[in-house]
Structures are given as C-alpha cells and as structure tokens.
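Me: Please take a close look at a single part of this model, namely the sheet and the helices that pack around it. I would like one connected account of how these elements are arranged.

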Amino acid sequence: MEQANGAAVRWHQLRLYVDNHLHDRFLAPPLTVVVAALLTLWVPVWQAVLWAGVELVVIAVYVSVYLRFRRAPVDEAGDWARRIALAHGAHMAMWSSIVVWAYQPGDLSSLMFVMLVHVGLISLTVVMSNPHRRLLLSDLVAPAVALVGPPLLDGSLFSVGLAALGLLYIALMLLVGLKIHASTLEALLLRQRNDQLISELERQVKRDALTGLANRRHFIETGQVELQRAARYRHPLALLMVDIDHFKPVNDTYGHLAGDEVLKAVAAVCAESVRGNDCLARLGGEEFAVLMPETGLGEAGAAAERLRIAVEQLRCQLHEGLVTPTVSIGVAITEGAGESLSSLMRRGDQAMYAAKAQGRNRVVIAPPLVA
C-alpha cells in the first residue's frame, strides 16, 4: 500500500513538472527568436539561425514527449521520468550552449548577455522544475556551469566577483527551489491522505459495519440504477431475498455476540457464492439480498440453490456451542417491463416467506409480475 502511495505521489510530481513546462510551447519559441537575433551581434547570422533552428526542433520534441506522457498510465512514471529528463535536458543544453556561441573573452557586453540569459534560465528552472527534485537538480547543472564559467575564465577581479555573485545566486535559487519542492510534496501527501480518507468514508457509508457487505442504502441506489438499465435494454434482472432460518433462537440461546459471528459467517459464504458483478447486501437483521444483473430465471434459481447449499454446509463453531445455520431464499425476476424496485423486493420477500412456510432451508421462485 505504501509503495503504491509513493508511486502515486511520484507520478503527481512528474505531472506537475510537465504541466509547468508545457507553457514552453508558447514562450520558448519567441524567446528563441529574440535570443537568436541578439546572437547576431557576436556571431554570423547563419550561426544564429542554426542555433535557433536546432532549439526549435528540440522544443518540438520535448513538448511532444510531454503530451504523450499526459496520456500514459500511472504505473510508468519511472520510464517517463527518464524520457523527460533526456528531452528537457537537450533543451537546457541548447540554451546553455549560448555561452559557446556568444561569449567573447574580454567583451563585457557579451559576458553580461550570457550571464543575463542564464540568470533568467536558472530562475525559470526553479519556478517550473521544483515539483520534481531530481529533474530540478539535473536541469540546473548546465545553466549553472554556463553562468559562472565565463567570468572565471576571464580572470579579472571584476569577473571573479561576478562569478562569486553567480555562485551565491545559484545557491539561493537552489534553496528556494528545494523549499518549494518540499512544500509541494507536503501538499501532495496531504491531498493523498484526504483522498484516502474520503474514499474510506464513502466506503463506510456504503458498507455494513458488521459484515462488510453493502448496506441497504447502497443496495437501493444500485438497484435503482440496474432497474433503469434493465428496462432500457430489455434485459432480465434477478433478485434473491435471503433470510437466515431460526435466527432469533440463536441470539436468545447463545447471545447477540454469538449471533453476530453467525451473521458474519453466513455473509462470508454468500460473498463467495455470488458473482463479482452481483450486488450482495445486508438489508438489516438476518436478511440479505443479492441483485443479479443480466440473469434469467433458470440461472437465478440455480445460483440461489448453490447459495442455499453452501450455507447449509456451514458449521459455526462458537465458544457457546455449534450452530448450523440455513437460509430461506425467494427469487424474483423482472424482465425490464418498468417494475419498481419496491415491487421487485416485495415479490422476492413474498417468495422468501413462502419458503419459510414450506419448511425453511429451501428456494421458492416468485410468480411473474402480471402486467
């Protein structure tokens, strides 16, 4: 569970990183054109055009990677992190290569231009890459080197001072980025805990506290939906009304705690006997119901008989003694004629009471609804 939660958090971190950087598809191309125009002050036009052309291709590639990632399944976060690191790393390398194209030793204007570009690049990286710490650190490497490299190579006291300022700026921005990352991670973890809490509360609202089965409320909601679907597509819908025989004497003889153990044992047997798409619920007391979509009379009757036999074979060895419960089951079928859930349940109840009247531990089929 913790491993799944961690994977979900890493996926959301990567998703936030990608969402931030997707703004590049609007901002990066015009910035590339402007910087290429300024590059012509120090390099021939064809070199500036070459740099801009390669960078525009790199932008198209990593934006394409981002868009494909947004359609990818959550369990592939690790693979996508590597692909995104390569795609965006090429983008950072291209921008940092400006130091090779534009920097002219001894030319203060080219030094200022290169440093200004990389100060802006570092600032944008911290703002946009902070959701994912590993990618934040890798994105900062190239512009950090490009920021402090030229003034260090220049060797003058002024340039060394600029390099020192650059290093302090990088350290400050790195601390800011890591602080934002920590806050983002905390927010993601809090949201995850809230989602888990909401899911648990929703589960508790729909579940019977004793048996863990669906409760009456959830059964009614599901029944309404399935009845509408059955009526729309003219498909059969079966209902099994199940009641434990002679349950009151169990409580009176062994106590209510022992009765609860019997209820849980019967519920477990019923859960093993029904299909995955059936809705099994405890309606209250010792009464259960099974809603069986896409199920005709013969199949429903056979399922009810299997359930009855499974409960009949149950042996509840309690501290107070051995209890061998049985159930009476009423089966009602609607053929999509617009019957209400209350009507279907009433017919199922009548069939179940008929089973009790006939000696219990048996299945009785309700007569079809008369139009």
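Reply:

**The sheet and its helices**

In this predicted model, five strands form an open sheet with mixed pairing, and their order is β2-β3-β1-β6-β7. The edges are occupied by β2 (279-284) and β7 (363-365), each of which pairs on one side only. On average, neighbouring strands of the sheet are turned by 20 degrees against each other, direction ignored.

At one edge, β7 pairs with strand β6 (residues 327-334) in the parallel sense, over three bridges. Within this pairing, Ile-329 has Val-363 of β7 as its bridge partner.

Two helices that pack on the sheet may be described next. Helix α11 (residues 256-273) touches β1 (237-244), β2, β3 (287-293) and β6, and its direction makes about 155 degrees with that of β2. Helix α13 (residues 341-357) also packs on the sheet; its contacts are with β1, β2, β3, β6 and β7, and its direction makes about 145 degrees with that of β6.

Helix α11 also meets another helix, α10 (residues 247-254): the two axes come within 7 Å and cross at roughly 140 degrees. This crossing angle is why α10 counts as oblique to α11. From α10, the contact involves Phe-247, Val-250, Asn-251 and Tyr-254, while α11 contributes His-256, Ala-258, Gly-259, Val-262 and Leu-263. By class, the residues of this contact comprise six nonpolar and three polar, with no charged residue.

Helix α11 thus packs on the sheet and is also in contact with α10.

Key:
Residues are numbered from 1 along each chain as its sequence is written. This is a predicted model: local features need pLDDT of at least 70, side-chain atom pairs count only at pLDDT 80 or more; totals for chains, interfaces and linings use all residues. Side-chain values use heavy atoms; hydrogens and water are left out. Two strands pair if DSSP finds at least two bridges between them. Helices (H or I, at least four residues) and strands (E, at least two) are DSSP runs, numbered from the N terminus. Axes are lines fitted to C-alpha atoms, for helices over the stretch in contact, and angles run from 0 to 180 degrees between N-to-C directions. Contact means heavy atoms within 4.5 Å. Angles under 35 degrees count as roughly parallel, over 145 as roughly antiparallel, 65 to 115 as roughly perpendicular and the rest as oblique. Ala, Val, Leu, Ile, Met, Phe, Trp, Tyr, Cys and Pro count as nonpolar, Asp, Glu, Lys and Arg as charged, and the others, Gly among them, as polar.
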